Amino acid sequence: MASDQLLTLAPSHGEEDARSVSPGLRFIILLGLLDAFGPLGIDMYLPAFPQIERDLKAQGGAMQLTLSFFLAGLAIGQLICGPISDRLGRRKPLLWGCAAFAVASVTCAFARSIESLILARFVMGLAGATGMVIARAIVRDSFEEADSSRIYSMLMLVIGIAPVLAPSVGGWLMRVGSWGSIFWALAGFACLCGIAVAVDLPETHPPSRRTRDSIGSIGRRYASMIVDRKFVGYAAPVSLALGLIFAYVASAPSLFMQFYGLSPAAFSLLFASNAIGLIGAAQVNRWLTRHYDTHTILRAASLGNLVAALLLPVLAWTGIGGFPAFFADIFLCLMTVGLILPNATAAVMAPFPHQAGAASALLGMLQFTVGAATGAIVGIFHDGTNRPMALTIAGCAATSAIITILVERRNSAVEDRALRLLGQPAE
């Protein structure tokens, strides 16, 4: 399929009232920027931690709460805005979310106490969740499973650049202004996204496909999804893949610079190279999906991820190959995650064409929950060595691979039975 064909936004499921346009890369870039609200909100202000702590006289772990409450807002906000977008469409919640993110960012810039900053950061998380949820839902509105995997791969390219560049941008803003300038920049980013949504983003969820359920039915809808084998079977690998990344990110600074003795400059370079490996694998996935089924790629990537991850504890305990071998194995783990994420995400969203917002919201909540848990695990068991990270990554990969294999075998058995009932030979 040619690139222009792939990027044609057309009405899916036979709908006549969705707009049919060919927005090209603008469409992908805008969705990627909306999905980047979370990464930018997390990473851009990290260089300002010491200065904010001094200016606001924050005591103990109060500064860490500004990050924790933002993550809590992202998790809760996804559960709220997903069903709302199923009911009201995608554009209106996005516009309100961009506006709220901008207002909350300006409030952060004017904060004069750590308590007010924590509260504003929570609201930022609630608002930023809108872009993350609805971006995935828009892809499901517009593309079927195979094409969705390619689109999610392209979104990872845009999203993946954010955590690589955001700390540097935040540091530069600190040098030319103050820490408040970081939040003014985030507010400006949200305003630009809002303008782009208003001017250039079509409504992909027309009234004829919107849910008519009451707000009280949201809980029942989530409950039905969380026990749906098709949802959980692929949401678990997506969430565990993110958990693997969180375990790495939470451990990497102290592990690389203290345990292995790397300089801050060397750490930044190697950290960026791993991010590039993750993003690069996601782009290779776009080519692979033109030649192989998404489920075939997912199975192969899960097995490759398992082999690389199980090697980490061996290297951690034996020290074979030293840092080069350990780093190379981490690189392989993250590369295979770059193949797992887009294909498993497409498989999660595929069965829910009319509830894409709710499915995206629940998936996002599960991802952040598992990510926060793995980050906490490596922190609790931190002993100054590479072993806690190695074991946590291996555990995530092993659980993910087992679930993927079981789900794929079950789906294959169901398909074989269906073909036999239709009188056709199973493949």
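**Exercise 1. Get a feel for the overall fold: what share of the contacts with a separation of 6 or more joins residues 24 or more positions apart?**

Solution. In this predicted model, residues 24 or more positions apart account for 84% of the contacts in the protein with a separation of 6 or more. Next, look at the secondary structure: the protein has 16 helices and 0 strands. Finally, turn to burial: 53% of the 427 residues count as buried.

**Exercise 2. Work out how α2 and α7 are oriented to each other.**

Solution. Start with the geometry: helix α2 (residues 25-35) packs on helix α7 (residues 114-142) at an angle of about 150°, and their axes are 7 Å apart. Then apply the cut-off: angles over 145 degrees count as roughly antiparallel. The two helices, α2 and α7, are therefore roughly antiparallel to each other.

Now find the residues that meet. From α2 come Phe27, Leu31, Leu34 and Asp35, and from α7 come Gly131, Met132, Ala135, Ile138, Val139 and Ser142. Sorted by character, the residues of this contact divide into 7 nonpolar, 2 polar and 1 charged.

**Exercise 3. Check the length of α7 against the expected span, then decide whether α7 is enclosed.**

Solution. First the length: at 1.5 Å a residue, the 29 residues of α7 should span 42 Å. The end C-alpha atoms of α7 are 43 Å apart, which agrees. Then the burial: 23 of the 29 residues of α7 are buried, so this helix is largely enclosed by the rest of the structure.

**Exercise 4. Do the same length check for α6, and list its buried residues.**

Solution. Helix α6 (residues 91-109) has 19 residues, which at 1.5 Å a residue should span 27 Å. Its end C-alpha atoms are 27 Å apart, in agreement with that value. The buried residues of α6 are Pro93, Leu94, Gly97, Cys98, Phe101, Ala102, Ala104, Ser105, Cys108 and Ala109.

**Exercise 5. How many disulfides are there, and are Cys81 and Cys108 buried or exposed?**

Solution. Recall that a disulfide is a covalent bond between the sulfur atoms of two cysteines. The test asks for a pair of cysteine sulfur atoms within 2.5 Å, and by this rule the count comes to 0 disulfides. As for accessibility, Cys81 is buried, with a relative accessible area of 8%. Cys108 is buried too, with a relative accessible area of 0%.

**Exercise 6. Describe the backbone and surroundings of Lys57.**

Solution. Begin with the background: most residues other than glycine have a negative phi. Lys57 is not a glycine, yet its phi is positive, about 50°. Next, place Lys57 in the loop between α4 (49-55) and α5 (62-88). Last, check accessibility: Lys57 is exposed, with a relative accessible area of 63%.

Technical notes: Residues numbered from 1 in each chain as written. Predicted model: local features only at pLDDT ≥ 70, side-chain atom pairs only at ≥ 80, totals over all residues. Heavy atoms only, no water. Axes fitted to C-alpha atoms, helices over the stretch in contact; angles between N-to-C directions. Helix = DSSP H or I, 4+ residues; strand = E, 2+ residues; numbered from the N terminus. Parallel < 35°, antiparallel > 145°, perpendicular 65-115°, else oblique. Contact = heavy atoms within 4.5 Å. Nonpolar A, V, L, I, M, F, W, Y, C, P; charged D, E, K, R; others polar. Expected span 1.5 Å × (residues − 1). Buried < 20%, exposed > 50% of the residue type's maximum accessible area, 1.4 Å probe, protein only.
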